[in-house]
Amino acid sequence: MPISNFINAGDLIRFLPEIILSVAGTLLMVLDPLVNRRSSNLFGTLSLLALIGALFGSVAAYAQAGPAFGGMLSVDGFATFFRMLVIVVGILTVLPSYRFLARQDAETGEYHALLLYSIAGQCVMVSANDLIMIFIGLEISSISSYVLAGYLRDDKRANEAALKYFLLGSFATGFFLYGVALIYGATGTVNLTLARAAITGANSPSPVFIGVAAALMFVGLGFKVSAWPFQMWAPDVYQGAPTPVTAFLSTGPKAATFAIFLRIFMTAFEPIGNGWEPLVWICALLSMTIGNFAALLQSNVKRLLAYSSIAHAGYVLVALTARSDVGTAAAMFYLAAYAFMNIGAFAVISHISGKGERYQNLEDFAGLAQKQPMTAALLTIFLLSLIGVPLTGGFFGKFYIFKAALESHLVWLTVLGLLNSAVAAYYYLRILVMMYMHEPSEAASGAEPLTVGLKAALILPALGTLILGIFPSWVLDFAGKSSSLLK
Amino acid sequence: MNILTLILAIPLVGFLVALLLPRSSPQSSRVWALIISLATLVVALSLPLHFDYSQVEQFKIDVPWIASPDIHFYLSADGVGMWLLVLTTFLTPICVLISWRSIHSRVKEFFAFLLLLEFGLTGVFVAQDLFLFYVFWEISLVPMYFLVGVWGHERRIYAAVKFFLFTMAGSVLMLAAIIYLYNRAGTFSYTAILNMLSSGRLTFEPTEQMLLFLAFFIAFAIKVPLFPVHTWLPDAHVEAPTAGSIMLASVMLKMGTYGILHFCLPFFPAASHRCAPWIGVLAIIGILYGALVSLVQPNMKKLVAYSSVSHLGLVVLGIFSFSQLGLDGAVYQMLNHGISTGALFLLVGLMYERRHSLEIADYGGVATPAPWLSTAFLITALASIGLPLLNGFVGEFLVLQGTAISNYSWTIFAAIGTILSACYMLWLYQRVFYGETREQVRSHMPDLNIREWIAVVPLIIMMVWMGIYSQSFLPPVTKTTARVLDQAQVNVPFRVSAPKAVPSRVAAQSPLPSPQSPGFSPAPVQEVARAH
């Protein structure tokens, strides 16, 4: 059959963001040896342009919403929401990277190229409606992330992080692939919509098959979102990876993985929801609890935020446990809010940490409010949002998630989850205490003034956090509309 | 423009502008904060002048804020909320004045946070959308956390974090209950939920109601603070800078008692009645325990802090007496405590500025070098004890009378607490102001200067005014508490022996006594009323 039967112009427009990102990534790779290293603001600027182009590309793709490539992709509101989210995450990662890379003497095109590939992979993930496409997207995203985690190749911790991430990540992907294989064996299709039809249909396959497949996929995806009991890698990797990469790993791939989590479990496996709900319930609760309690004991800020990101994965799993459109919309909103606040917090860390990332401890934030009041104020916004104080995006995220959970009668999960967020307040407050209530440290005194890129990297997410906190309906309406289209 | 919106907008805009003022000129921040807080006060004073007795909700504004879920920017004031709002705006300029010289470092941020605090606190008392209420409730937490943590004394960090975590732990439970209420009622509107409850369109199972009541009540009890969740209070009060202590004691604690009065009683009447005996016991423990600890305190600020535990116990006791007099007295006592404990913290703060010590043992004979300071302290202490003709007496008398109607044994314990308050206050006064004047005291204790006079005199005027002519303040309160009491008896499946002070008006307003609840009969209630 000629290939033109599968591909038409509409399909290409629906695939526009991925095309832009891959082409730009390859271009950067090619440019890398040709350009003088010292003038390398070029790479950052090019990748910013590519990302902005991809942002418009996803808007254009949404204008042509529908299935593409014979149903392998489904460009709907849900996909567009997450595409735009991961692209914005990309932009907010590139902005602080300028200064960060210059300080580590590590400005290369490949950093930006890998970032763009990873985002392209995530765009494929979130728009895929087919398990094989999801797997391909997952692999593109993951492999680029493994390399990014070890990008500072002279740094021991970064090497450890990359190796750990790679080994455990490969295992997890393997589990996921087993699940895909089982589904294909049981239903004869890898398309999510058809698989759902086969599962609910007249001669449906044995529920054991489907259950095992769901469990295997849950293992793979649970690893990627660092949910209990697959969270072990997160603290080491997040601590070891270069800070802008950590910011990216904790938001972009996580949001994209949650997107496919929601898509798979709310479409194909939705009919067996009664089976998986208790398991996700436990994972949600323990992710929140273990993440929050472990974070209480940390003195390294990156590690602290790593544990907090485990806890936040738990909150999103609460939304999944709710098994409703409201829950899906809440998870989408939460991931957006989390992306803004977390990436902003990491941008401040990358600003403070200095050359060789020496300053990552809590004490290094001491007195920041006296030396750089603006940086401290912005970090305060992010931390208050992570705590969940009203008028920030983090608050509304939690609010919507627990509202969805209560609507689904998950009273205990709600109460325990909310109490968890009170525990979490303690370790975020420790950073605030350091910044405002102690005398300036060496790191705070020596911190450079904010560059333009860093200012943008801090102010944009702060604005995002506040807008999500004051006018949440702008995003929530869109999320609500898209979540019901999912099935 | 709606007047309540204006009252909220002025400090908020003031806060945002204060952030932009130059760090190099602290004077500009001080003057700005004073202008803003006075402007807010002037606007707020027009509320009592325009209070309309024919309406339940005053100065109402209700505009949609967030479409889904249906959250409104819904403000209105009832008699209690209005007075607490006026109290907040009255105390803020005093706090600005008192911090004029005593705050040296990071002056700009201090006054900015003070204005943000005013914004949060005023919002709490007029928000009639449950969600909006929660927003203000949490917002007021943040500036107070910084006020204590940055500008406090030695153990400030411990105190600030403890304060934040205690409140946070309580309020997340309240958030869960608010969401649950929304899922049941489909609205966050206070009035709409009340109407649904009283018309029977929304009913709770007994267990459900009890759990919801507890979720709200624990959040409020932590704020009040009720024994045994009071432990954050002595730390926070002692470590806070003077302005922080004043706002904490005078206004923030009232958020708890206001919440109980405004939400717990009308929303969950049966659970409130069922828990009342237990809460009464806790309140009495608080009254006696707070008073006894005050008696043995070597630290002046801690003494005043523990006296707050004692006084607020009396307020809770008044509320859970379910009598018109008790509720009126509780609200009046909330206002009194705001004025007189605020003044006590202020005067203790002034002495600390001079002598740099809070230990009672470091003072003695202050009356000789600083006679006016001593006089002001004496009046305040007497007001706090409840001397007739000063404000404390009116509130205490009403509460005692109210509890006497519903539960006479409570009255006995509450009265013991009142006696103890005289003991610790007068003994404190004797040790600090009389006796031999030490050299350090003589040389470090100048009398009040003009700025301090301006801060102290309004408080003393209020003590005398509220003590002599309570009629200026009580009618709006009575109107609101009568309504609360009325709602607190709707759908209560067992008899409540509480008299109604204004039975005719209440009967006209109330769509019930509910005939469907067999245990409820209005007849004995009237008998009790006649008996008194």
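User: A residue is buried if 20 or more other C-beta atoms lie within 10 Å of its own. With that in mind, is B:R106 buried or exposed?

Analyst: Let's start by saying that this model is predicted. B:R106 sits in the loop between α3 and α4 (107-126) of chain B. Inside 10 Å there are 20 C-beta neighbours, so B:R106 counts as buried.

User: What is the value of phi at B:R106?

Analyst: Here is some background: most residues other than glycine have a negative phi, and most peptide bonds are trans. B:R106 is not a glycine, yet its phi is positive, near 45°.

User: Which other residue, in strand β1 of chain B, has a positive phi although it is not a glycine?

Analyst: Look in strand β1, residues 58-66 of chain B. The residue there has 21 C-beta neighbours inside 10 Å, so it counts as buried. Its phi is about 55°, and the residue is B:F59.

User: How is B:P26 placed: buried, partly exposed or exposed?

Analyst: B:P26 belongs to helix α2 (residues 26-49) of chain B. Setting aside neighbours within four places in sequence, B:P26 is in contact with B:V107 and B:K108. Since 19 other C-beta atoms lie within 10 Å, B:P26 is partly exposed.

User: What separation do the C-alpha atoms of B:P26 and B:A236 have?

Analyst: Along the chain, B:P26 and B:A236 are 210 residues apart. In space, their C-alpha atoms are separated by 26 Å.

User: Are α2(B) and α3(B) roughly parallel or antiparallel?

Analyst: Two packed helices are described by the angle between their axes and the distance between the axes. For α2(B) and helix α3 (residues 79-98) of chain B, the angle is about 155° and the axes are 9 Å apart. An angle over 145 degrees counts as roughly antiparallel. That makes the arrangement of α2(B) and α3(B) roughly antiparallel.

User: How many charged residues are there in the contact of α2(B) with α3(B)?

Analyst: The two helices make a left-handed crossing. Residues of α2(B), including B:L34, B:L38 and B:L45, meet residues of α3(B), among them B:L85, B:F90 and B:V96. By class, the contact of α2(B) with α3(B) has 14 nonpolar and 4 polar residues, while the number of charged ones is none.

User: Now for chain A: at what distance do the axes of α7(A) and α9(A) lie?

Analyst: Helix α7 covers residues 156-187 and helix α9 covers residues 207-224 of chain A. They pack at an angle of about 155°, so α7(A) and α9(A) are roughly antiparallel. The distance between their axes is 8 Å.

User: How many nonpolar residues does the contact of α7(A) with α9(A) have?

Analyst: α7(A) passes α9(A) in a left-handed crossing. Among the residues in contact are A:L168, A:F176 and A:I183 of α7(A), and A:F209, A:L216 and A:F223 of α9(A). The contact residues divide into 3 polar, 1 charged and a nonpolar group of 17.

User: Where does the cis peptide bond from B:F227 lead, and to which residue?

Analyst: The omega of this bond is near 5°. The second residue is found in the loop between α9 (206-223) and α10 (232-239) of chain B. The bond from B:F227 leads to B:P228.

User: In chain A, which residue is joined to A:P229 by a cis peptide bond?

Analyst: A:P229 lies in the loop between α9 and α10 (233-240) of chain A. Omega of the bond is about 0°, and the partner of A:P229 is A:W228.

User: Which helix gives the most to the largest nonpolar core?

Analyst: This core has 406 residues, of which A:F333 and A:Y334 touch the most other members. Beyond its neighbours within four places in sequence, A:Y334 has contacts that include A:Y315, A:G397 and A:Y400. The most residues, 21, come from residues 325-353 of chain A, helix α14.

User: Which element gives the most to the side of chain B that touches chain A?

Analyst: The contact takes 26 residues from chain B and 25 residues from chain A. On the chain B side, α5, α6 and α7 each give two or more residues. With 14 residues, the element that gives the most is α7(B).

User: How many residues of α6(B) are buried?

Analyst: The buried residues in α6(B) include B:L141, B:Y145, B:F146 and B:W151. Helix α6(B) is mostly covered, and of its 11 residues the number buried is 11.

How values were computed
Residues numbered from 1 in each chain as written. Chains lettered and ligands numbered in written order. Predicted model: local features only at pLDDT ≥ 70, side-chain atom pairs only at ≥ 80, totals over all residues. Contact = placed C-beta atoms within 7 Å. Helix = DSSP H or I, 4+ residues; strand = E, 2+ residues; numbered from the N terminus. Axes fitted to C-alpha atoms, helices over the stretch in contact; angles between N-to-C directions. Parallel < 35°, antiparallel > 145°, perpendicular 65-115°, else oblique. Left-handed = near helix turned anticlockwise from the far one by under 90°. Nonpolar A, V, L, I, M, F, W, Y, C, P; charged D, E, K, R; others polar. Core = buried A, V, L, I, M, F, W, Y, C linked by C-beta atoms within 7 Å. Buried ≥ 20, exposed ≤ 12 C-beta atoms within 10 Å, placed from the backbone.
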